[in-house]
Amino acid sequence: LQPRPWGRLRERAQTKALGAEGSRRVAPLVALTSTLGVIAFIAMAQVAAITKTGGLWLAVILVALGLGAELLSFDQSKDSAASAAVIPFAAAVLIAPSALTVALIIAAEVVAQGLHKRAVIKAVFNLAQHTLGLSIAVLVLHWTGAPPLYAVKGTSFLECLKLLLMPTVLL
C-alpha cells in the first residue's frame, strides 16, 4: 500500500532553538507570564489552601493520565508538537480545586518538559502558562462558590446544574 502512513508513527516534531535574537524577543513575554503565574498561584494558595478533599486521589490519577498524554504528544506541524494533557489536568482541577492539585500538575509538567528536552525558555513559558491558567481557574471556582465536582457525587442532574451553573450565571 502506498503511501504508508504508519511509517511516520515514530517521527517527532523537531523543535528549533530560538537563538539569541528569538530568546531576546520573547523574554519579556515569558517574564510577564511567569510573574503573573507566581502571583496567581500565591493568591490561589491563600484562597484554596492545601486541604484534604475527597477527590484528591482521583485528581492524582488524572494528573498521571495528563503526564502520559503530555509524553505522547502529537505533531501539530513539522516544527511543533501538541498534546491533549490539558483535558485531564483541567478535570483534576475541577474535581479537587486546591493548591495541591495545581502543584501536582506543575510537577508533572516539569517532568514532561525535562523528558522532552525543551529549551529552557520554552519550558519556563509552558510551566508559567499552566500555572497561570489553572490558578485562575481555581480562583474563579472559589469566587463563584461552585463546589468541587467530587462533592456533587450522588446528586441529581438538576441539582448539579443548580450548584455548578447558577453561580456562573449570576456573574
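In this predicted model, α1 and α4 meet through a small set of named side chains: Phe41, Met44 and Ala45 on the α1 side, and Ala99, Val102 and Ala103 on the α4 side. Sorted by class, that contact comes out as 6 nonpolar residues, with no polar and no charged ones. As for the geometry, the two axes come within 9 Å and cross at roughly 145 degrees.

Helix α1 has another partner in α5. Here the axes of α1 (residues 19-47) and α5 (residues 120-144) come within 7 Å, and the crossing angle is roughly 35 degrees. The crossing is left-handed. By class, the α1 contact with α5 takes in 18 nonpolar and 8 polar residues, again with no charged ones. Two numbers carry these descriptions, since a pair of packed helices is described by the angle between the axes and the distance between them.

Thr33 gives a residue-level view of this pairing. Thr33 sits in helix α1, and its relative accessible area is 9%, under the 20% cut-off, so Thr33 is buried. Setting aside neighbours within four places in sequence, Thr33 is in contact with Phe125, Ala128, Gln129 and Leu132. Ala128 is itself one of the buried residues of α5.

As for α5 on its own, the helix has 25 residues and reaches 36 Å from its first C-alpha to its last, close to the 36 Å expected at 1.5 Å a residue. Its buried residues are Ala123, Leu127, Ala128, His130, Thr131, Leu134, Ser135, Val138, Leu141 and Thr144. Right after α5 comes Gly145, with a positive phi near 80 degrees. Ahead of α5, in the loop that joins α4 to α5, lies Lys117. Lys117 also has a positive phi, near 55 degrees, and does so as a residue other than glycine. With 72% relative accessibility, which is over the 50% cut-off, Lys117 counts as exposed.

Helix α2 makes up a separate part of the picture. Running over residues 56-71, α2 has 16 residues and spans 23 Å from first C-alpha to last, close to the 22 Å expected at 1.5 Å a residue. Leu56, Ala59, Leu62, Val63, Gly66 and Glu70 are its buried residues. Looking down the helix axis, these buried positions fall within an arc of 110 degrees, so they line one face of α2. Trp57 and Leu65 are on the other side of the helix, where they are exposed. The buried residues of α2 pack against two other helices, α3 (86-95) and α4 (99-116). Helix α4 therefore turns up in both stories, packing with the buried residues of α2 and meeting α1 through Ala99, Val102 and Ala103.

Gly66 is a good place to look at the α2 packing up close. Gly66 belongs to helix α2, and at 0% relative accessibility it counts as buried. Not counting residues up to four places away in sequence, Gly66 touches Ala85, Pro88 and Phe89. The C-alpha atoms of Gly66 and Pro88 are separated by 5.2 Å, although the two residues are 22 places apart along the chain.

Seen from the other end of that pair, Pro88 lies in helix α3. Pro88 counts as buried too, at 12% relative accessibility. Leaving out neighbours within four places in sequence, Pro88 is in contact with Leu62, Leu65 and Gly66. Leu62 and Gly66 are among the buried residues of α2, whereas Leu65 is exposed on the other side of that helix. Between Pro88 and Leu67, which are 21 residues apart along the chain, the C-alpha separation is 8.9 Å.

Stepping back to the whole chain, the secondary structure comes to 6 helices and 2 strands. Read along the sequence, these elements follow the pattern α-α-β-β-α-α-α-α. Of the 171 residues, 29% count as buried. Among contacts between residues at least 6 apart in sequence, 72% join residues at least 24 apart.

Note on methods. Residues are numbered from 1 along each chain as its sequence is written. This is a predicted model: local features need pLDDT of at least 70, side-chain atom pairs count only at pLDDT 80 or more; totals for chains, interfaces and linings use all residues. Side-chain values use heavy atoms; hydrogens and water are left out. Helices (H or I, at least four residues) and strands (E, at least two) are DSSP runs, numbered from the N terminus. The expected span of a helix is 1.5 Å times one less than its number of residues. Buried means under 20% relative accessible area, exposed over 50%, partly exposed in between (1.4 Å probe, protein chains only). The arc is that of the directions from the helix axis to the C-beta atoms. Contact means heavy atoms within 4.5 Å. Axes are lines fitted to C-alpha atoms, for helices over the stretch in contact, and angles run from 0 to 180 degrees between N-to-C directions. A crossing is left-handed if the near helix is turned anticlockwise from the far one by less than a right angle, and right-handed if clockwise. Ala, Val, Leu, Ile, Met, Phe, Trp, Tyr, Cys and Pro count as nonpolar, Asp, Glu, Lys and Arg as charged, and the others, Gly among them, as polar.
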